[in-house]
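Please look through the chain shown below before reading on, and keep it in view as the report moves from its overall layout to single residues.

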Amino acid sequence: MQPDGEQQRERQRDTGAPWRKWYKTARWRGLRLQVFARDLFQCRLPGCGRIEGNTARLVCDHIKPHRGNERLFWDTANLQTLCKTCHDSVKQAEEQASLHQRGVWD
Ligand SMILES: [Zn+2]
């Protein structure tokens with residue numbers, strides 16, 4: 001018997017995670033626009049505040065990482081508008097942090 005269950009779970013978390021599909025739903029697209037409209041198409045990051053009329057350049061960001069939690073994922077109170085530039089730099093910082101925390105979440 002190979003103890004490969006762990007490995008499989010590891011792989012699934014990255015590419016085959018079920019919540020990845022949630023981003024492709026009409027429900028998400030609608031929610032995303034709703035959040036942009038609520039935030040008046042303005043980046044919520046303190047110090048930025050850029051107003052972006054082109055929604056392709058806006059990101060609907062989860063304030064608290066949902067990590068597959070459906071309730072957090074769909075909660076508009078947990079969603080904020082970020083411009084792409086801010087989102088990419090925040091994301092990068094988060095990934096750096098998660099490198100240090102790897103192993104803690106499970
Ligand atoms: Zn911004």
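Two residues are said to touch, or to be in contact, if their C-beta atoms, placed from the backbone, lie within 7 Å. With that meaning, Val59 touches Leu82, Lys84 and His87, leaving aside residues up to four places away in sequence. The model that shows these contacts is a predicted one, and every value below is computed from it.

**Confidence and overall layout**

The mean pLDDT of the chain is 86, and 80% of its residues reach 70 or more. Among the elements of the chain, helix α1 (residues 5-14) has the lowest mean pLDDT, at 53, whereas α3 has the highest, at 98. Where pLDDT is low, the predicted coordinates should not be read in detail.

The chain contains five helices and two strands, and, read along the sequence, these follow the pattern α-α-α-β-α-β-α. Helix α3, which covers residues 26-38, has 13 residues and reaches 18 Å from its first C-alpha to its last, close to the 18 Å expected at 1.5 Å a residue. Of the contacts in the chain with a separation of 6 or more, 53% are accounted for by residues 24 or more positions apart.

**The strands and the core**

The strands β1 and β2 run antiparallel and are joined by five bridges; in one of the pairings, His62 has Leu79 in β2 as its bridge partner. Strand β2 is mostly covered, since four of its five residues are buried, while in the chain of 106 residues buried ones make up 9%.

Which residues form the largest nonpolar core? This core has nine residues, namely Phe36, Cys43, Leu58, Val59, Cys60, Leu79, Leu82, Cys83 and Cys86. The strands β1 (58-62) and β2 (79-83) each supply at least two residues of this core.

Two members of the core can be followed further. Val59 lies in strand β1, and Val59 counts as buried because 21 other C-beta atoms lie within 10 Å, where the cut-off for a buried residue is 20 or more. Val59 and Cys43 are 16 residues apart in sequence and 8.8 Å apart in space, C-alpha to C-alpha. Leu82, for its part, touches Cys43, Arg44, Leu45, Val59, Asp61, His87 and Val90, again not counting residues up to four places away in sequence.

**Two residues with positive phi**

Most residues other than glycine have a negative phi. Against that background, two residues of this chain can be set side by side, with their phi values, their places in the chain and the number of C-beta neighbours inside 10 Å.

| Residue | Phi | Location | C-beta neighbours inside 10 Å |
|---|---|---|---|
| Leu40 | about 55 degrees | loop between α3 and β1 | 8 |
| Arg67 | near 45 degrees | loop between β1 and α4 (70-74) | 12 |

Leu40, which takes its positive phi although it is not a glycine, comes just after α3. Is Leu40 buried or exposed? Leu40 counts as exposed because it has 8 C-beta neighbours inside 10 Å, and the cut-off for an exposed residue is 12 or fewer. Arg67, also a residue other than glycine, has 12 C-beta neighbours inside 10 Å and therefore counts as exposed.

Technical notes. Residues are numbered from 1 along each chain as its sequence is written. This is a predicted model: local features need pLDDT of at least 70, side-chain atom pairs count only at pLDDT 80 or more; totals for chains, interfaces and linings use all residues. A nonpolar core is a set of buried Ala, Val, Leu, Ile, Met, Phe, Trp, Tyr and Cys residues joined through C-beta atoms within 7 Å. The expected span of a helix is 1.5 Å times one less than its number of residues. Two strands pair if DSSP finds at least two bridges between them. pLDDT is the predictor's confidence in each residue, from 0 to 100.
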